[in-house]
Amino acid sequence: MNGDLSMQLDSMIKIKKKFTLTERQILHFETFGFLVRRQVFKPEEIEKINEEFSRRRVSILAELDPKEKKNFRTWPIRNPGTPFIASLLEDPRIYVPSEQLVGEDSVLFQSNCNSYSVDTNWHSDTKYRHLRSIKNVMYLQPTNGECGALRLIPGSHKSPLYDELVRMGLDLYVDDCESFFLKDSDFRGEDIPCYIFSSQPGDIIIFNQSTWHAAYGTSDYRRTCTFNFIGNPKTVEESQELHSMVERAGKHSFKELPVQGPQCHPQWLANSEGNIRRARWINKLRKLGFL
Ligand SMILES: O=C(O)CCC(=O)C(=O)O
Ligand SMILES: [Fe+2]
């Protein structure tokens, strides 16, 4: 093997080792449906992320009409307007643990910047229970129970707890955004027993998207970056679910919620850097019908 190539391989193996989750971390994720990783990104990186976040948010808002402005919340990061944030997708700090949890042949799915001006009620991100999908979330401001922290119900990604929560009506009552359960009880969303992800910028939480979660205590607007991966379907049920996801998502944004612009900007798709992992994701997304 040529010397350069062997050095490159060596350094790739070292990087991979450095960010590889331990068996216990994986067990935590499998059991509770989430895993917290502290201080994955450095303060100077967070500063850069915040800068790009703000600049792009302002430039998108400037183009929207008042009605669109009201609903504006989410915009994709695979865009030349946020090059540093987009580069995090190809950063081993994100993809190494994600691939461990959903497979080396997993696909990078929705990946967004989000700005929330209201609380988020209890929900799970997905109704597709066979397909493995995970979300890496980084809050760009400090959070705690009183101030916008993500809350999760441990173990709620699994049956029967998942189904009990559906049955008790904890999720949104679509018309007035209140849950059946909370409406007919003296409980508030904040009273539901849960883990509260108090975080500092740079911390990351990875959760199985079936896990029930919420956030309360919104002041000003809250900022997150989210990186989602879906497992390559292996069973008939997984393939069927993915097929329905493709049908429902349409080709525009992979998503039903309003997202500003396409998930993958043509420049990202051009992959002029020749990133091998990105090329694999693009091929897969094409094959699956998302592009
Ligand atoms: O911070 C929030 O409002 C909750 C976000 C959420 O539901 C998500 O990232 O899936
Ligand atoms: Fe969510």
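Helices (H or I, at least four residues) and strands (E, at least two) are taken here as DSSP runs, numbered from the N terminus. By that count, the chain in this predicted model holds 11 helices and 12 strands. The radius of gyration of the chain is 19 Å, close to the 19 Å that the globule rule gives for 291 residues, so the chain is as compact as a globular protein of that length. The points below cover the whole chain, the strand β5, the surroundings of ligand 1 and the helix α11.

**Whole chain**

- The C-alpha trace spans about 70 × 45 × 40 Å along its principal axes.
- Of the 291 residues in the chain, 33% are buried.
- Among contacts with a separation of 6 or more, 85% are between residues 24 or more positions apart.

**Strand β5 and its partners**

- Seven of the seven residues of β5 are buried, so this strand is largely enclosed by the rest of the structure.
- Ser133, Lys135, Val137 and Tyr139 point one way from β5, while Ile134, Asn136 and Met138 point the other way.
- Both of these sets of β5 residues are buried.
- β5 pairs with β12 in the antiparallel sense, over seven bridges.
- In that pairing, Asn228 of β12 stands opposite Lys135.
- β5 also pairs with strand β10 (residues 204-208), again in the antiparallel sense, over four bridges.
- Asn208 in β10 is the bridge partner of Ile134.

**Surroundings of ligand 1**

- The shell around ligand 1 consists of Tyr116, Thr120, Asp125, Lys135, Val137, Leu150, His213, Ala215, Arg222, Thr224 and Thr226.
- By residue class, the shell divides into four nonpolar, four polar and three charged residues.
- At least two shell residues come from each of β5 (133-139), β11 (213-215) and β12 (222-230).
- β12 supplies the largest share of the shell, three residues.
- Lys135 and Val137 are among the residues around ligand 1, and both belong to the set that points one way from β5 together with Ser133 and Tyr139.

**Helix α11**

- Helix α11 (residues 276-288) has 13 residues.
- From its first C-alpha to its last, α11 reaches 18 Å, close to the 18 Å expected at 1.5 Å a residue.
- Gly289, just after α11, takes a positive phi of about 95 degrees.

Definitions and conventions:
Residues numbered from 1 in each chain as written. Chains lettered and ligands numbered in written order. Predicted model: local features only at pLDDT ≥ 70, side-chain atom pairs only at ≥ 80, totals over all residues. Expected span 1.5 Å × (residues − 1). Near = placed C-beta within 6 Å. Nonpolar A, V, L, I, M, F, W, Y, C, P; charged D, E, K, R; others polar. Rg over C-alpha atoms; globule rule 2.2 N^0.38 Å. Buried ≥ 20, exposed ≤ 12 C-beta atoms within 10 Å, placed from the backbone. Contact = placed C-beta atoms within 7 Å. Pairing = 2+ DSSP bridges.
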